[in-house]
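Hi,

Here is the structure I said I'd pass on. Have a look, and my notes follow below.

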There are 2 protein chains.
Amino acid sequence: MRNVSKPPHAPEASEQKGTAITEEAFLAAYDMRQFERPSVAVDIVVATVSGGALRVVVYRRKEHPARGKYALPGGFVGIDESLDAAARRLLREKARLEGVFFEQLYTFGAPGRDPRGRIIAVAYLALVPPEALSAVASAHGARVCKVLVEWPGTAGGPASIFDEDGRYLPLAFDHSSILGTAVQRLRATLDATPVAFRLLPHELTLRALQDVHEAIRGRPVNKDSFRRRMLAAGWLEATGERERDASHRPAELYRFVSRGIAWPIVD
Amino acid sequence: MRNVSKPPHAPEASEQKGTAITEEAFLAAYDMRQFERPSVAVDIVVATVSGGALRVVVYRRKEHPARGKYALPGGFVGIDESLDAAARRLLREKARLEGVFFEQLYTFGAPGRDPRGRIIAVAYLALVPPEALSAVASAHGARVCKVLVEWPGTAGGPASIFDEDGRYLPLAFDHSSILGTAVQRLRATLDATPVAFRLLPHELTLRALQDVHEAIRGRPVNKDSFRRRMLAAGWLEATGERERDASHRPAELYRFVSRGIAWPIVD
DNA sequence: AAAATAGTGTCTATGAGACACTATAGT
DNA sequence: ACTATAGTGTCTCATAGACACTATTTT
């Protein structure tokens, strides 16, 4: 039986006399529980770049459903909790991450996406520098896996994950779609906004920044023009320091500064 | 009392024995109703461009809450209905629109956004040519209002609506935020994707296309370079026909064709 | 010295902005 | 003829890509 619930915007009970009562009286008489409601969860793509590859945090599911498959960190939204607050709480609870950059990505609401029932997932994207994930690795079943994207540019589509030995790891539910959407967002905003800096430590070399761009785009970028663009964008400030323990000429260290530059860039 | 509901990913009841039972048995025993759930609605920004201005469809609310204010068309998501299906249904029910382009925009979930209780709104953006809204105008309380955006570029922020006489019309709930997000999305995707064509009839002049770009960006664009870019993009095909009833030289009519060009553009 | 990567200078191709000019409709 | 807008040709400037070259570290 399909429940195309009639919106409570105009509930039957108060429709006739509704025009005369006050807003307070209306709200007091209003019972929202008359409509069947879905559950709402937040799922988070916690992304970083290390070893020249885009990586995300996943957990091996120990319970049904999708037992043995890998899932993005996530959980249900509290009834008095905003979506952003839920994402912040879940980042803390599930990945021990605080103060990291995150933003809402897309909402996945296909009726069959979770066998437990109607669960609508608001997906988030969190960006962290690789060293911030050292604590996560020790967490209960957590793994930081390489992402494989099989479509070019911002075409979109699912993405899959692999372990260090190149073995495919199955993702639970529709999490390959969520992951694909995250990569699409990253690729689309990479040039227009300074997202790449969120994936790097505070002090960085231009080479490391280029590695991040190449890992996200999945293809090489032109070195010369990349350096010029980055230095012209006004996001970088030379520290005067140089890289250490490189087996070749050490590169200049830069700091990310957004002096007066809006986020995203305003034209 | 704050209900930060413990995620049913690992429900207490089946935690101990969960590792031994089958997925079928787990799901049969699983009761999702133990957690308090929000309502989920879809709100739609139905946008067009006419008279050199970006316009959206709003309804004057006849009932509490926010009685007398203007609201975007919207309604609750059916328990077995996907989010896209809910948007399609609401476009048909509320604005008598079928077969129009629409996409998901952002999800608004602040706990206090609707005084009736916890209602999470998945916002959608629908783009229609101006003549498609002639039937909407006659609908119950519907109005097609000019949009005012007070921030430059893709900075983001709220947007407000005005009637034909320049009078400010108050928007209900957080609909000015939703509207602002819609404009931000339009501005961000205007150059990279052929969204502008969704706001125009099938046959169009370059001038009309430029008007759409200027209305969305909120500032003039360079005519010469705009013409070159549009003709080079491969989205336009000359019909050989010319504009009628213009009080000056009639412009060439073009048709939108996306021959082999992906949506959005793949590089 | 050899290897490897960092960083600079310069040439070329492309696309945006500017502007002058021509074309074609209504009045 | 006059006005208004459509549409073309060309110049300049900014930026991306390509490539040659120099610089500085480890081994």
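Which phosphate oxygen contact does B:Ser225 make with DNA strand C? A polar side-chain atom of B:Ser225 sits 2.8 Å from a phosphate oxygen of that strand; a polar contact here is a pair of N or O atoms within 3.5 Å. Helix H7 (223-232) of chain A and helix H7 (223-232) of chain B are the elements that give two or more residues to the surface near DNA strand C. "Near" means a heavy atom within 4 Å, and helices (H or I, at least four residues) and strands (E, at least two) are DSSP runs, numbered from the N terminus.

Some ground rules: this is a predicted model, where local features need pLDDT of at least 70 and side-chain atom pairs pLDDT 80 or more, while totals for chains, interfaces and linings use all residues. Residues count from 1 along each chain as written, chains are lettered from A and ligands numbered from 1 in written order, and side-chain values use heavy atoms, without hydrogens or water.

Back to the DNA: base nitrogens of strand C lie 2.9 Å from an N or O atom in the side chain of A:Lys223 and 2.9 Å from a polar side-chain atom of A:Arg249. Of the strand C atoms within 4 Å of the protein, 60% are sugar or phosphate.

Over in chain B, all nine residues of strand S6 (119-127) are buried, i.e. under 20% relative accessible area (1.4 Å probe, protein chains only). S6(B) runs parallel to S1 (39-50) of chain B, with nine bridges, and pairs antiparallel with S5 (101-108) of chain B over seven; pairing takes at least two DSSP bridges.

Cheers

Methods. Buried means under 20% relative accessible area, exposed over 50%, partly exposed in between (1.4 Å probe, protein chains only). A polar contact is a pair of N or O atoms within 3.5 Å; within protein, one must be able to donate a hydrogen and the other to accept it, and residues adjacent in sequence count only if both atoms are side-chain atoms.
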